[in-house]
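Welcome, and please open the model in your viewer with the sequence alongside. We will go from selection to selection, pausing at each to see what is there.

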Amino acid sequence: MAFEAGGSMDAEAREVRALEAEIAALQRRCQELPAPGEKPSGVRYVVPVHPSGSPIRKSCQKLPQSDSEGWESSKDLRSHLGHLKSELSFLSTLTGFNIRNYSKKIEAVTNTEVTEEGTTKVLQRHRLSGNCNMVTFQLEFQVLEIQTKEKLSSAITDLNIIMEPTEYSELSEFACRAEERRDLLMFFQSLHFFVEWYEYRKHTFKHFKEKYPDTVHLPEGACSHCMEIHSTSRPGFELVVVWRIQINEEGKVSPKLDLLTKVPQRALVLDKNRVIETAPSSFQTLLGVLGIEAALDSLIKLLCVGNN
């Protein structure tokens with residue numbers, strides 16, 4: 001399980017947004033095709049091409065630019081539209097993001113100040129909604145493009161994020177940081193890896209619940225963030241593994257597991273070797289040596305041996 005997001009997430013997120021825009025353009029083109037026998041209007045259609053120029057986009061760059069190069073039939077256009085939808089579905093599967101709605105408005109920026117000749121500014125307003133597994137989100141952001149004679153530069157000038165459900169406190173704090181920094185890349189990267197760790201935790205807890213049904217309990221159900229290990233032979237003796245998913249200031253996602261002990265007061269008095277007191281720190285050592293799954297399995301087996 002990777003702890004840090006790769007730079008490829010940026011390109012993949014752009015791919016998804018660009019494909020959404022192109023599919024919408026092709027759908028409008030399908031609706032505007034002349035009926036059989038009807039004379040073409042001669043209107044010029046241009047489908048936007050994503051500037052990344054990546055291999056997955058090259059098929060889109062070959063779209064006809066005028067009716068003289070036009071599609072032989074509406075079947076050809078619909079076939080190409082289906083191909084784009086397949087590419088979008090592949091990218092959604094690859095990244096875990098499903099973009100449901102997307103819109104973009106472009107407006108020229110007029111400035112009363114004297115600007116250098118040949119410099120143009122364009123403001124793009126983007127809105128999109130989608131989900132990454134169980135987390136749904138809505139984004140609104142603005143991108144300011146400045147075109148000079150030498151280069152084209154762009155920057156996000158505003159970013160608003162709404163996410164549901166809201167019970168994940170880590171995500172709420174992280175969304176606020178992403179908004180403050182106007183860091184759209186960090187948002188997609190960190191959300192992707194947060195969901196991966198969330199799924200891994202859920203599957204790991206489920207595995208141990210099925211393997212040790214009498215010993216392991218999940219108080220919050222399948223999506224629980226903690227796992228209780230009960231001793232059936234010693235009532236009141238219980239270990240609790242709390243598994244949090246942390247996102248630091250830079251957007252790095254990592255698991256944080258802690259061990260809590262719940263034992264009768266008499267057991268603490270009799271514990272001359274301070275085994276119970278040092279159990280949390282010993283568990284951290286076990287995690288570092290064995291890893292998460294093996295450490296949890298060893299902990300459960302230790303209590304099962306005590307039960308027997």
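The tour begins with confidence, then visits the cores, a sheet and a helix.

**Stop 1: colour by confidence.** This is a predicted model, so colour the chain by pLDDT before anything else. The mean pLDDT is 79, and 76% of the residues reach 70 or more. Now select residues 1-7, where pLDDT stays under 50; the model has 17 contacts beyond four places in sequence for this stretch. Do likewise with residues 65-69, again a run with pLDDT under 50, for which there are 11 such contacts. Where pLDDT is low, the predicted coordinates should not be read in detail.

**Stop 2: the nonpolar cores.** Show the side chains of Phe137, Phe187 and Met227. Within the largest nonpolar core, which has 52 residues, these three touch the most other members. Next, select helix H4, residues 184-211: with 12 residues, this helix gives the most to that core. Which residues does Phe187 touch, leaving aside those up to four places away in sequence? Zoom in on Phe187 and you will find Phe137, Leu139, Ile161, Met163, Phe174 and Ala178. Then move to a second, separate core of six residues, with Leu19, Leu84, Leu88 and Leu91 among them.

**Stop 3: the open sheet.** Switch to a cartoon view and find the four strands in the order S5-S6-S7-S8, paired antiparallel in an open sheet. Which strands lie at the edges? They are S5 (216-217) and S8, each pairing on one side only.

Select S6 (residues 226-230) and S7 together; five bridges join these antiparallel strands. Look for His230, whose bridge partner in S7 is Glu238.

Now add S8. Between S7 (residues 238-247) and S8 (residues 253-262), which run antiparallel, there are 10 bridges. One pair to label is Val240 with its bridge partner in S8, Leu260. Follow the hairpin round between S7 and S8: five residues separate the strands, and Gly251 has a positive phi near 90 degrees.

**Stop 4: a bent helix.** Finally, select H6, residues 275-290. Put a distance label between its end C-alpha atoms: the span is only 20 Å, whereas a straight helix of 16 residues would span 22 Å. Where does H6 bend? Centre on Ser281, where the bend is about 40 degrees.

Show the side chains of Ile276, Ala279, Phe283 and Leu287, which are buried. An α-helix has 3.6 residues a turn, so residues three or four places apart point the same way. Just after H6 comes Gly291, with a positive phi near 90 degrees, and there the tour ends.

Conventions
Residues are numbered from 1 along each chain as its sequence is written. This is a predicted model: local features need pLDDT of at least 70, side-chain atom pairs count only at pLDDT 80 or more; totals for chains, interfaces and linings use all residues. Side-chain values use heavy atoms; hydrogens and water are left out. pLDDT is the predictor's confidence in each residue, from 0 to 100. Contact means heavy atoms within 4.5 Å. Helices (H or I, at least four residues) and strands (E, at least two) are DSSP runs, numbered from the N terminus. The expected span of a helix is 1.5 Å times one less than its number of residues. The bend at a residue is the angle between axes fitted to the seven residues ending there and the seven starting there. Buried means under 20% relative accessible area, exposed over 50%, partly exposed in between (1.4 Å probe, protein chains only). A nonpolar core is a set of buried Ala, Val, Leu, Ile, Met, Phe, Trp, Tyr and Cys residues joined through side-chain atoms within 4.5 Å. Two strands pair if DSSP finds at least two bridges between them.
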